[in-house]
Amino acid sequence: MQSHTSADEKTRARSSYRDSLKSMDTEEHIDLAFYRPIGYVWACLARRLGITPNAITIAAIILGIAAGVAFYFDNMWVNVAGMLLLIWANSFDSADGQLARMTHQYSRLGRILDGLCGDIWFFVIYAAICLRENVTSEFFIAHPWAIWLIAAVTGVCHAKQAAMADYYRQFHLFFLKGAEGSELERADDLKERLAAIPWRGNFWKKLTLTFYTNYTINQEAWTPAMQRLRRQLEVSFADSDITPQFRSDFRSLSLPLMKYTNILSFNWRTIALFCSLFACMPWLYFAFELVVLNALLIYMMYRHEAFCAKLTQDLKDGKYSRP
């Protein structure tokens with residue numbers, strides 16, 4: 001009897017853990033092997049203590065800021081402490097989403113906070129690297145403006161890389177799990193909601209929605225073929241659900257590209273960052289983002305736009321028409 005009870009508990013635990021994941025299509029190997037199991041433990045503890053996902057996100061932001069400050073110091077032990085803090089912060093960043101999915105505590109504010117979390121981390125990390133190079137590198141001591149210019153350009157590229165990786169991932173989830181399993185938004189819908197909210201008495205709500213609306217507008221502006229596909233879907237399936245065949249074909253084309261969205265996210269960035277710190281050349285991290293990740297972004301965008309254009313034409317040709 002006890003063995004059956006134990007087996008049932010393990011089955012429920014495995015099921016609960018799987019439910020805390022976004023989808024196996026979009027999860028990264030490093031996350032599945034490391035961050036998601038740790039995040040799940042944090043999420044279970046937070047659920048037991050009544051801690052909200054947004055509270056965990058705020059804690060992650062604080063830990064990430066502390067990590068960034070540690071990278072300013074030209075001391076390997078302090079840098080290693082910063083690395084551990086950043087890993088801890090990212091385990092919290094994993095836990096907030098897992099807790100939200102486990103407890104169905106979804107909110108647009110949570111999504112915005114989650115996006116800001118990584119941006120704040122890397123803003124502090126960039127500043128720490130710049131300040132450090134200006135006092136340790138002969139070249140940057142002689143040309144102090146250079147590292148700040150490199151950091152500014154890298155930061156713009158970083159924001160675009162992260163935004164597009166998130167957008168492609170949400171688009172994939174939309175076809176895999178439906179609207180309820182994705183956080184895909186439309187800029188026009190967000191504009192309408194924004195216009196309906198007065199500033200008086202809703203300052204923070206209006207402000208956060210303004211940032212989020214502009215974020216979505218920029219995502220759509222960089223994906224013209226994908227937006228044409230969305231409009232054609234409304235025409236082709238105006239009175240019915242998207243056919244399973246179309247969903248399957250989209251997934252087969254999109255799935256091979258999900259690994260690139262993961263590379264453009266957190267884990268590979270931090271691996272490159274840690275390597276540059278161990279090499280005592282933090283500026284190398286900027287080179288990695290500017291050269292490697294930008295090249296990957298361009299390739300990923302080209303592939304997505306190409307297959308979206310093909311699927312749009314197939315819809316126009318009636319390939320997916322219902323019998």
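Start by selecting Arg-36: at 10% relative accessibility it counts as buried, because the cut-off for buried is under 20% relative accessible area. Keep in mind as you click around that this is a predicted model.

**Stop 1: around Arg-36**

With Arg-36 still selected, add Glu-27. The two form a salt bridge, and the closest N and O atoms are 2.8 Å apart. Both Glu-27 and Arg-36 are buried. Now add Asp-31, which also makes a salt bridge with Arg-36, this time with 3.8 Å between the closest N and O atoms. Asp-31 has a relative accessible area of 11%, so it is buried.

**Stop 2: Glu-234 and Arg-186**

Next, select Glu-234 and Arg-186. Here is another salt bridge, its closest N and O atoms 2.8 Å apart. This pair links distant parts of the chain: Glu-234 sits in helix α10, while Arg-186 is in the loop between α7 and α8 (187–196), 48 residues apart. Are these two residues buried or partly exposed? Glu-234 counts as partly exposed at 45% relative accessibility, and Arg-186 is also partly exposed, at 24%.

Hop back to the earlier trio for a second: shared partners join Glu-27, Asp-31 and Arg-36 into one network of salt bridges. If you want to hunt for others, the structure holds 9 salt bridges.

**Stop 3: the second largest pocket**

Leave Glu-234 and Arg-186 on screen and turn on a pocket surface. Which residues lie nearest the centre of the second largest pocket? They are Phe-174, Arg-186, Leu-233, Glu-234 and Ile-242, out of a lining of 17 residues. So the salt-bridged pair Glu-234 and Arg-186 belongs to that central group. The volume of this pocket is about 300 Å³. By class, its lining breaks down into 8 nonpolar, 3 polar and 6 charged residues. Colour α7 (144–177) and α10 (224–236) to see where part of the lining comes from: each of these helices supplies at least two of its residues.

**Stop 4: helix α4, end to end**

Now select residues 76–103, which make up helix α4. How far apart are its end C-alpha atoms? Put a distance label on them and you get 40 Å, which agrees with the 40 Å that 28 residues should span at 1.5 Å a residue.

Zoom in on the N-terminal end of α4 and show Asn-75 as sticks. Asn-75 caps the helix there, with a side-chain oxygen 3.0 Å from the backbone nitrogen of Trp-77. Then travel to the other end: α4 is followed by His-104, which has a positive phi, near 60 degrees.

**Stop 5: Cys-280**

For another positive phi, jump to Cys-280. Its phi is about 60 degrees, although this residue is not a glycine. You'll find Cys-280 in the loop between α13 (267–278) and α14 (283–316). With a relative accessible area of 47%, Cys-280 is partly exposed.

**Stop 6: two isoleucines**

Finish with Ile-65, in helix α3 (residues 53–70). Ile-65 is partly exposed, at 33% relative accessible area. Add Ile-125 and draw a line between the C-alpha atoms: they are separated by 7.8 Å, though the two residues are 60 apart along the chain.

Methods. Residues numbered from 1 in each chain as written. Predicted model: local features only at pLDDT ≥ 70, side-chain atom pairs only at ≥ 80, totals over all residues. Heavy atoms only, no water. Helix = DSSP H or I, 4+ residues; strand = E, 2+ residues; numbered from the N terminus. Buried < 20%, exposed > 50% of the residue type's maximum accessible area, 1.4 Å probe, protein only. 1 Å grid on protein atoms, 1.4 Å probe; cavity = no way out; pocket = protein on both sides within 12 Å on 5 of 7 lines; lining within 4 Å. Points joined across faces, edges and corners; volume = space filled by probe spheres on them. Nonpolar A, V, L, I, M, F, W, Y, C, P; charged D, E, K, R; others polar. Salt bridge = Lys/Arg side-chain N within 4 Å of Asp/Glu carboxyl O. Expected span 1.5 Å × (residues − 1). Polar contact = N/O pair within 3.5 Å; in protein donor to acceptor, adjacent residues only side chain to side chain.
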